[in-house]
Amino acid sequence: MRLAFEDVSYSYEGGEAKKRRGRRKKDAARQADWGNAPDAVWALRDVTFTVEPGEFFGVAGHTGSGKSTLIQHMNGLVHPTCGRVLADGRDLAEKGVATEVRRQVGLVFQYPENQLFANTVYDDVAFGPRNMGLGAEEVDRRVREGLALVGLSFDELAERSPFDLSGGQQRRVAFAGVLAMEPEVLVLDEPVAGLDPLSREEFLGLIRELHAGGRTIVMVSHSMEDLAALSDRILVLSEGRVFRLGTPAEVFADAAALKAVGLGAPAPEAFAASLREAGFELGRDLYDERTLAADIAAQLAGTPVAAAPDAAVGFAALRAADAVIEGGGDDA
């Protein structure tokens, strides 16, 4: 499924905006789109982009930049004050379209475990498929497959209360409930927020696997490292507007610009920038821990550290490279 945002703006002060939205077909004047009170808060302003089928699309931005509002437009939970959101060319604001699209675009909120409500894991995961009007046999198949996808045992957990599970297991159950609807697109709002390091890595691995299996992923995250490692493209929002849109290398090329809107470059890329300023020749467009360690080690291997552009930086770089290599790529 292809999702397209066309000049989308959204204000939480919706009364007058809704009236003007209804008049838009009769009035082509652009100023009619901005009909709220002069001091209205616009969560989104003139946002245009597409999410292509099979893409891993990252969304970043400072707190209050409009990220959560943006993703709620993707399956029609909210509709633009002006502009359009299209799913395979169909306007989600048209009657009945959003209901259909919600079966194909699964939205997982931050801390989805807080949305668990049923007496058993089975009933929680089955809730979505049952609401789709599916038969008992098909519901059962989807519950089993949903739990399997998130690495949970049907036999061990299906009849247990979700509230007796660990926090990581609860999040997986909530995620399984979305997967049981078999959506083409998964929209994830800070999916690893609050998880311990091991659960965090396991959950990111699950997301990688789902994407590798052909699902489109839209992921909101405050972790620039995660977005750089996983995304095909990244959208950066600032005060409700598109600030940057491009590949990770393109988005993180200007660390100073990102810093101005409250974001940082991934740690390896920020470190690489510091080394470049100290005189190191590092030519890759975007670094992760492994590639940075490899390039530092290669450059220093035949050069006395004291002869490096900055001896202190050279020693630090060599230690960082050694730590990353010895740790197999884990954070040092």
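The legends below accompany close-up views of one predicted model.

**View 1. The whole chain, with its helices and strands.** In this predicted model, the chain contains 14 helices and ten strands. Of its 332 residues, 48% count as buried, and the chain exposes about 15,900 Å², of which carbon and sulfur atoms supply 50%. Among contacts between residues at least 6 apart in sequence, 66% join residues that are at least 24 apart.

**View 2. An open sheet of four strands.** The strands of this sheet follow the order 2-1-4-5, and their pairing is antiparallel. Strand 2 (42-51) and strand 5 (90-91) stand at the edges, where each has a single partner strand, so one side of each is left without a neighbour in the sheet.

**View 3. The pairing of strand 1 with strand 4.** Strand 1, formed by residues 3-11, pairs with strand 4, formed by residues 82-87, in the antiparallel sense and over five bridges. To follow this pairing at the level of residues, one can look at Glu6, whose bridge partner in strand 4 is Arg84.

**View 4. Helix 7 and its surroundings.** Helix 7, which covers residues 167-179, has 13 residues and reaches 19 Å from its first C-alpha to its last, close to the 18 Å expected at 1.5 Å a residue. The helix is mostly covered, since ten of its 13 residues are buried; among them are Val173, Phe175, Val178 and Leu179, and also Arg171 and Arg172. The buried residues of helix 7 pack against two strands and three helices, namely strand 6 (105-108), strand 7 (185-189), helix 4 (121-131), helix 5 (136-149) and helix 8 (197-212).

Terms used
Residues are numbered from 1 along each chain as its sequence is written. This is a predicted model: local features need pLDDT of at least 70, side-chain atom pairs count only at pLDDT 80 or more; totals for chains, interfaces and linings use all residues. Side-chain values use heavy atoms; hydrogens and water are left out. Two strands pair if DSSP finds at least two bridges between them. The expected span of a helix is 1.5 Å times one less than its number of residues. Buried means under 20% relative accessible area, exposed over 50%, partly exposed in between (1.4 Å probe, protein chains only). Contact means heavy atoms within 4.5 Å. Accessible areas come from the Shrake-Rupley method with a 1.4 Å probe; for residues, only the protein chains shown count as cover.
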